[in-house]
Structure formats: structure tokens, C-alpha cells
Amino acid sequence: MMNSTNHSQNPLQSNNSSPSGQLPQRLFTRREIIPARNDVLWRIERGAVRTLTWSEDGTFITLGYWGAGDLIGYPLSNVKPYQIECLTSVEVSAIPPHLWSQDVHALFSHIQQAEELLSIIHRKPISLRLWQFLGWLSGKFGRDVEQGKLIDLNVTHQEMAEVLNTTRVTVTRLLQQFEEEGTLLRHKRRVILRSSEKECK
């Protein structure tokens with residue numbers, strides 16, 4: 001089981017020109033767990049999180065990756081256990097139930113992204129699954145650089161393996177293969193995709 005870290009219980013009020021207006025805001029640090037509350041949805045203003053559960057033997061199962069503009073929260077899932085882990089420093093706005101209907105677009109987006117990721121993790125072979133997952137991450141967290149598309153999020157080999165239902169060793173081997181083929185570059189602890197049209201056989 002994962003243990004949440006301590007964080008301030010005092011919400012930060014937004015008194016600037018933030019798009020969240022006067023909604024209560026919270027700041028979290030990397031690896032903190034966003035509190036389990038059934039009376040709010042959280043809108044990510046800055047940063048990235050992953051939602052996850054785990055099996056009886058303690059194996060983590062990643063359910064999704066979410067970034068700025070996304071809605072997350074315990075009311076959106078029936079999975080138990082369920083946890084929201086910050087992958088970076090994160091700023092969120094707390095949205096109360098009477099305002100949920102105003103974020104229908106974000107709710108649709110949540111469903112669409114979850115289904116897209118679900119379709120990717122069932123692709124075969126595993127090389128295609130990993131490449132399409134990297135493409136999904138680049139579309140969500142990527143930015144254009146001279147060499148290609150930089151995935152501006154540090155996702156470990158183990159975390160990729162948890163998403164794709166494979167082993168860390170397999171992920172490491174395939175990333176090395178992509179690098180040797182010239183379709184992927186390493187940049188510090190980040191990855192740059194050189195081609196969006198890679199065919200994995």
C-alpha cells in the first residue's frame with residue numbers, strides 16, 4: 001500500500017487573474033498524494049499526476065496520466081483502492097459539486113483519454129504498445145524541440161511497465177532498441193521522439 005505524505009490542510013485562495021477565479025486552490029509537491037475526497041473534483045492548473053490502484057499482491061496498476069486542464073477526483077472512479085499521485089509539483093483548484101456541470105468538456109475529455117489509453121495497453125506486439133504510449137504521452141505532455149518531440153515528463157521505466165502490463169526489463173530493452181533505430185533520443189532524464197510514423201514489427 002502507498003502511504004500519503006503530509007501536506008497543508010489550508011487551501012490557498014486564488015486572488016489573481018487565474019482562470020479558476022475564486023475557487024480554493026491547493027499546492028502539492030512531487031510524489032504527494034492528493035486527498036481522497038468525494039465532495040470535490042480537482043482541476044489541474046499546473047503539473048502532472050497519475051491515477052493508480054494496486055492488486056492484492058501489491059502490484060501497481062496505472063489508470064491514467066493527467067495534466068493542466070484535466071479534471072481528476074475520487075468521484076470519477078469506482079476502482080478501489082484508488083489514488084492520485086503527483087508526478088511533479090502540482091497546483092489544483094477544488095471544484096464543488098454544484099459547479100461540475102460547468103466542466104462538461106473536461107469530463108468528456110477525461111473519458112476519452114481513459115479509453116484511448118485503455119486501447120493502447122491492449123495493442124500487440126509490446127513494441128507497438130510502448131511506441132503508441134510514448135506517442136500518447138508526447139501528445140499530452142510533449143513540446144516541439146529541434147530534434148523532434150520532447151516528452152516533458154519524467155516517467156520511469158517501471159512506471160511505463162505498470163501502465164503497459166509488462167516488465168521493466170522489457171521496457172528498457174525496447175527503449176534501447178528505439179534509440180538504436182534512431183526514432184528516439186535521450187535528453188537527460190527525458191525522451192525525444194524523432195518520428196510519429198514509426199512502424200513496430
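**Strand pairing and burial in the predicted model**

Strands β4 (residues 49-54) and β5 are paired in the antiparallel sense, with 6 bridges between them. The structure described here is a predicted model. Within the β4-β5 pair, valine 49 is placed opposite tryptophan 66 of β5. Both strands belong to an open sheet of 3 strands, ordered β5-β4-β7 and paired antiparallel. The edges of this sheet are formed by β5 (60-66) and β7 (83-86), each of which pairs on one side only. From one strand to the next, the twist averages 30°. Helix α3 (residues 157-164) lies across β4 and β5, and its direction makes an angle of about 100° with β5.

A further set of pairings involves strand β8 (residues 90-95). Strand β2 (residues 24-28) pairs with β8 in the antiparallel sense through 4 bridges, and phenylalanine 28 has valine 90 of β8 as its bridge partner. Strand β3 (residues 41-46) also runs antiparallel to β8, to which it is joined by 5 bridges; here the bridge partner of arginine 46 is glutamate 91 in β8.

Strand β8 is mostly covered, with 6 of its 6 residues buried. In a regular strand, side chains alternate between the two faces of the sheet. In β8, Val90, Val92 and Ala94 lie on one side, while Glu91, Ser93 and Ile95 lie on the other. Both faces of β8 are covered, and the residues of either side are all buried. The bridge partners named above in β8, valine 90 and glutamate 91, thus belong to opposite sides of this strand.

How values were computed: Residues are numbered from 1 along each chain as its sequence is written. This is a predicted model: local features need pLDDT of at least 70, side-chain atom pairs count only at pLDDT 80 or more; totals for chains, interfaces and linings use all residues. Side-chain values use heavy atoms; hydrogens and water are left out. Buried means under 20% relative accessible area, exposed over 50%, partly exposed in between (1.4 Å probe, protein chains only). Helices (H or I, at least four residues) and strands (E, at least two) are DSSP runs, numbered from the N terminus. Two strands pair if DSSP finds at least two bridges between them. Axes are lines fitted to C-alpha atoms, for helices over the stretch in contact, and angles run from 0 to 180 degrees between N-to-C directions. Contact means heavy atoms within 4.5 Å.
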